[in-house]
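I opened this notebook to record what I looked up, entry by entry. The entries concern charged pairs, a helix and a surface patch.

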Amino acid sequence: MENYFARLLLSSELDDPLYFARVHQNIADLEKKLVAHFNEHGPMNQQYIFLMGDLNMAYYRAGETQKELEIAQQIYQTSQLLHGDDDESTVEALIALGSSYLDDRQSAEAQSIVEDLLNRDYTQEDGPSYDLYIDSLCLQADIDHKRKKFDEELLLRQQVLTILNSFQGSTSSQSIMARCALGVCLERRYAWREALEQYRIIRSYLDIESDFASEAEKIGLLVHIAYCYRKLGEGEDARTLYRWAHRKAHVHFGPASTLALKMKRILRAAEQSKR
């Protein structure tokens, strides 16, 4: 399951020079490790797949979707050769490949993959785990989101959250992430009150598990909550939250940061609407 909190972000974390430098240094380090491992052990081993998986995520964080996709294709092909089509690690790699196609704006290829995934039997004792079925549902919902088919997406988000609540509990990390995806979907459907209900639960969770989301994601959550309040006609509550978010952006990222400047514009617009 991807990090759906990233959909709450008001600006790219890559706009932060420190984050940008960290991400690209990580890519450089992983590329060196991958070459060294290839030279010593070759590509046909699980450790090489693990390293490629780390590099795939690093490219994703950097927004380098073409390289992300190339690595995802290599991971899937290597898993097929090592383990076969039906092995759990190969199915997991196929889900990741579908996600990478979607990141690269190739939704037709992602849809073809997810149709294959959802036609598999996840009830067999020696088959892929049920977690991979949930991940496949999430991938289909992600495709629907990208295609702005929010009604179809909503049904899947609700199904995923119901399953996760039943098997893992409502406060598991996966349930919270699924709740975030549901909240964003509800917001896209202009269901402000229902979206606000999901966001409030997430905020309560983050008050306890403070390290679960980045500071930029927490600020984004506050803004989405404020926006829902504003749409529901509760302007003063919205402005209070915008002020908090602006203060947090100023403290954590500096007054000249992209996020702080964007929050300043949002707060100014909210204050002007009051007048």
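**Entry 1: R189 and its partner**

I looked up R189 and found a relative accessibility of 32%, so R189 counts as partly exposed. I note at the outset that the model is predicted. I then asked which residue forms a salt bridge with R189. The partner is D151, with the closest N and O atoms 2.8 Å apart. This pair links distant parts of the chain, since D151 lies in helix α7 and R189 in the loop between α8 and α9, 38 residues apart.

**Entry 2: a pair within helix α11**

I next examined R239 and E236, whose side chains meet in a salt bridge at 3.4 Å, N to O. Both belong to helix α11 (residues 235-253); because they are three residues apart there, about one helical turn separates them. Is R239 buried or exposed? I recorded R239 as buried, its relative accessible area being 10%, under the 20% cut-off. E236, in turn, is partly exposed, at 37% relative accessibility.

**Entry 3: the shared-partner network**

I also looked for salt bridges that share partners, and noted that such bridges join E2, R7, D142, E153 and R157 into one network. Within this network, I checked R7 and E2, whose side chains form a salt bridge at 3.8 Å, N to O. For E2 I noted a relative accessibility of 28%, which places E2 in the partly exposed class. My search of the whole structure returned 12 salt bridges.

**Entry 4: helix α9**

I compared the expected and modelled spans of helix α9, residues 192-208. Its 17 residues, at 1.5 Å a residue, should span 24 Å, the expected value being 1.5 Å times one less than the number of residues. The end C-alpha atoms are 25 Å apart, and I therefore recorded agreement.

I then asked which residues of α9 are buried. They are W192, A195, L196, Q198, Y199, I202, Y205 and L206. I looked up what covers these buried residues, and the cover includes α7 (150-168), α8 (173-188) and α10 (215-231). Of these covering helices, α7 also holds D151, entered above as the partner of R189.

**Entry 5: a nonpolar patch**

Lastly, I turned to the surface and asked which residues make the nonpolar patch of about 290 Å². M44, L81 and L82 make this patch. I located L81 in helix α3, residues 65-83. L81 is exposed, because its relative accessible area of 65% is over the 50% cut-off.

Definitions and conventions: Residues numbered from 1 in each chain as written. Predicted model: local features only at pLDDT ≥ 70, side-chain atom pairs only at ≥ 80, totals over all residues. Heavy atoms only, no water. Patch = residues over 30% accessible without salt bridge, like charges linked within 9 Å, V, L, I, M, F, W, Y side chains within 5 Å. Areas by Shrake-Rupley, 256 points an atom, 1.4 Å probe, with all protein chains shown as cover. Salt bridge = Lys/Arg side-chain N within 4 Å of Asp/Glu carboxyl O. Helix = DSSP H or I, 4+ residues; strand = E, 2+ residues; numbered from the N terminus. Buried < 20%, exposed > 50% of the residue type's maximum accessible area, 1.4 Å probe, protein only. Contact = heavy atoms within 4.5 Å.
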